[in-house]
Every structure is written in structure tokens, then in C-alpha cells.
Amino acid sequence: MLIDGHGRKVNYLRVSVTERCNFRCQYCMPEKPFSWVPQEKLLSFEDMFEFIKVGIDEGIEKVRLTGGEPLLRKDLDKFIKMISDYSPSLDLALTTNAFLLEDAAQKLKDAGLKRVNISLDSLQESVAHHIAQKNVLDKVLKGIAKADEVGLKIKINCVPLKDINDTELIDLLEYCKRKGYEIRFIEYMENSHANVKAGLTSEDIQNIIKEKYNFVRGEREGNSPSQNYFLEDGYKFGIIEPHLDDFCSDCNRLRITAEGYLIPCLYFEDALSIADAIKSKNIKEASNILKKVLQNKPEKNKWGSEDNSDRAFYETGG
Ligand code: SAM
Ligand code: SF4
């Protein structure tokens, strides 16, 4: 079992397979990302898999592949199969913008993927275009439909932004409700890479939904940062409320970047690389680095403080 320096059980690994992306969402990326990691510095899937095995052997029970846009990475299905064959009971999920999902969904499902979280910020072509800075909606909706058709469990992520998609929250909720997907509204997290004036707070989001629906606040979803809310007919939606709750007291997660940095917290600068240890097949050293990083996991994130990290979400996987 992996226990961090503050006694928390860590069983969730988020794996960023690339920081590159085919979208330029205004809340996530500058129009011209300034620091692409050179391709040769990325860990190969074989090397990443060696590290994931270490994690699983030590107590990781949930792995989420993310990015940047993970579907940009060739042979993602083969990587998923390696992980799934090694640990069939693992909770193995993917976060994607779905632009390339229509063609990939069946292969990903066959490889052992169980769940997919998809970013969908608007159901209007022009608004989706404005946010992603590319004409994306048609392909995204086709990707979602295909993922559903092949039997992947779907959750939708939406970042509500003032004067951009805030008139659409009910439409997005109703679309998800009709389709049987859970929707999670994520409060916009301010960062120096984004190009957005303001996001909606949880209270703003609730006030908009209240205009049409009664709902009650439930529990937070396990160790997840998502706070559950229930409509009168039982439909569950979530709001991720970092401005209200820092989720730190029961944080169970650890992140690895595409080049092999182990990051104990999204809002904390310190990270250690397992790349050399893994490339030289020194599994013991990789395991030692994992333990060191866990000991160094801060009790509370450093959001807003001086030792916060300026890493972008597209680098760490959000
Ligand atoms: N490209 C994939 C996608 O968009 O789903 C995976 C990576 S993306 C960085 C992961 C999640 O982070 C997405 O749901 C996205 O909406 C969220 N995200 C990115 N920047 C954010 C911000 N500034 N505030 C809140 N959520 C953000
Ligand atoms: Fe790309 Fe996802 Fe960031 Fe949008 S949120 S720019 S899709 S990494």
C-alpha cells in the first residue's frame, strides 16, 4: 500500500501521455504553447508501462490516461492493452476532448478501457469553436456517440465561462441527462497560461440550474474532487469546486508527466523524474523515487501561495 507523509492512502495515478493538443482551449492553453517537450524526451509506452507496473504492484488501483490530448499519441490502444492485461481489475480510464474518438473508440474498448471523461463546453458550433479555437463540435459529438455505442461509460466535463457558455448550462445538463451521462461542471481554475476573463463559481452554476430545476446537495464522490448534486428525479450531476474546497485532506492521487516527472500535487512545484531509473531498468530505484515523492506530497496544495507551480494543465494532465 502507498501511504504519503501525511498518512493518506495513495491509489490513483494520472498519466499524462503527451502535453500536445489539437485544441487550444482558452482556459487551458496559450494560443502558441511555448514549451513543447521534444519528442525524444517523451517516455516510450514500454517505459511508462514499466513504471505503471511498479505503481500497481505497490497499490495503485486506478489509472487515468490524460494529457494534452492523449488520442494524439500513436498506439494508445496498445498501451491500454499492456496495462489492462497486467491488471484486469484496474479501474482504467481516459480523459479526452473526443475529437479523434470516433475512429479510436472500438479499439480502446477492445484493449480494455472502461471509462472515458470527455470535455464538452458547448453544444453550439460557434461557441465550441470560440473556446477550442477550432471547429470541433461535430467531430466531438460523433466521438461521444461512438464511445457510447461501443459501451464505454461516459462522463462529461464542462468548464463554465462568464459570457461565453454560461447560457448553455441547462442545455448541456439536459443533453447529458437524456443520454444517461453524468455531467461535471468544473470551476475555472485561474492560471497564467489561460486567456479567459472569468469562470463561474459553483454558486453561479447552481443559481443557473435552479432557474429550471430543484436539486439537493449530496456527498462528495469518494476521493474525487466532484461534489454530487441530485435533481428531483434522481439524476446526478457534479460540480468540482476548488474555490470552496481544496480536496486535500483525502487526496489519493499522484501524477506522472509524459517525460517521466512524478508530481505529488497539481499546485506544488517539486517533482522528481523516474525517467533515468526506468530507462536503465533500475526498478528498485524507480520504486524508491516513488516513495520519496509520496513523502514529499504536501498536506495542502499551494494554490495562490509562492511555492505554487506554474506548470500548465496541459503539461500535468489537469
Ligand atoms: N485534452 C483532454 C480534455 O480536454 O479532456 C485531457 C486533458 S485536459 C487538461 C483535462 C481536463 O482539465 C479537462 O476536463 C479540462 O476541461 C480541464 N481543464 C483544463 N484547464 C482548466 C482550467 N483552467 N480550469 C478548470 N479545468 C480545466
Ligand atoms: Fe487540449 Fe484538453 Fe487543454 Fe482543451 S483542455 S487545450 S483539449 S488539453
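# Exercises on strands, ligands and exposure

Five bridges join strand S4 (residues 115-119) to strand S5, and the two strands run parallel. The exercises below concern a predicted model.

## Exercise 1

Starting from S5, determine in which sense S5 and S6 pair, and which residues stand opposite each other along the way.

**Solution.** Begin with the neighbour S4, where Asn 117 stands opposite Lys 155 in S5. Lys 155 in turn stands opposite Glu 182 in S6, and a further opposed pair is formed by Ile 156 and Ile 183 in S6. Strand S5 (residues 153-158) and S6 pair in the parallel sense, with four bridges between them. To get from S5 to S6 the chain passes through helix H6 (residues 169-179), and this β-α-β crossover is right-handed. The next step leads to strand S9 (residues 236-240), which runs parallel to S6 and is joined to it by three bridges; here Arg 184 stands opposite Gly 238 in S9.

## Exercise 2

Decide how many residues of S5 and of S6 are buried, and state which way the residues of S6 point.

**Solution.** The criterion is a relative accessible area under 20%. In S5, five of the six residues meet this criterion, so the strand is largely enclosed by the rest of the structure. In S6 (residues 182-186), five of the five residues are buried, and S6 is therefore also described as largely enclosed by the rest of the structure. For the directions, Glu 182, Arg 184 and Ile 186 point one way from S6, while Ile 183 and Phe 185 point the other way, and residues of both sets are buried.

## Exercise 3

Check whether the length of helix H1 agrees with its number of residues or departs from it, and then assess its burial.

**Solution.** H1 covers residues 45-58, which makes 14 residues, and at 1.5 Å a residue these should span 20 Å. The expected span is 1.5 Å times one less than the number of residues. The C-alpha atoms at the two ends of H1 are 20 Å apart, which agrees with the expectation. Turning to burial, ten of the 14 residues of H1 are buried, so the helix is largely enclosed by the rest of the structure. Among the buried residues of H1 are Phe 45, Met 48, Phe 49 and Phe 51, together with Asp 47 and Glu 58. After the helix comes Gly 59, whose phi is positive, near 135 degrees.

## Exercise 4

Describe the surroundings of ligand 1 and ligand 2, giving distances for the polar atoms of ligand 1.

**Solution.** Ligand 1 is surrounded by 18 residues, of which the closest are Tyr 27, Gly 68, Ser 119, Met 189 and Asn 191. Two of the distances involve backbone atoms and a nitrogen atom of the ligand: a backbone N or O atom of Tyr 27 lies 2.8 Å from a nitrogen atom of ligand 1, and a polar backbone atom of Gly 68 is 3.0 Å from a nitrogen atom of ligand 1. For Ser 119, a polar side-chain atom lies 2.7 Å from an oxygen atom of ligand 1.

Ligand 2 has around it Cys 21, Phe 23, Cys 25, Tyr 27, Cys 28, Met 29, Gly 68 and Asn 97. Sorted by character, this shell holds six nonpolar residues, two polar residues and no charged residue.

## Exercise 5

Classify Asp 4, Leu 244 and Asn 282 as buried, partly exposed or exposed, and place each of them along the chain.

**Solution.** The classes needed are under 20% for buried and over 50% for exposed, with partly exposed in between. Asp 4, found in the segment before strand S1 (12-18), has a relative accessibility of 3% and therefore counts as buried; its side chain makes a polar contact with the side chain of Arg 8 at 2.7 Å. Leu 244 belongs to the loop between S9 and strand S10 (253-256), and because its relative accessible area is 61%, Leu 244 is exposed. The C-alpha atoms of Leu 244 and Ser 202 are separated by 8.1 Å, although these residues are 42 residues apart along the chain. Asn 282 lies in the loop between helix H8 (275-279) and helix H9 (283-295), and at 36% relative accessibility it counts as partly exposed.

Technical notes: Residues numbered from 1 in each chain as written. Chains lettered and ligands numbered in written order. Predicted model: local features only at pLDDT ≥ 70, side-chain atom pairs only at ≥ 80, totals over all residues. Heavy atoms only, no water. Buried < 20%, exposed > 50% of the residue type's maximum accessible area, 1.4 Å probe, protein only. Near = heavy atom within 4 Å. Nonpolar A, V, L, I, M, F, W, Y, C, P; charged D, E, K, R; others polar. Pairing = 2+ DSSP bridges. Right-handed = clockwise from strand over helix to strand, strands pointing away. Polar contact = N/O pair within 3.5 Å; in protein donor to acceptor, adjacent residues only side chain to side chain.
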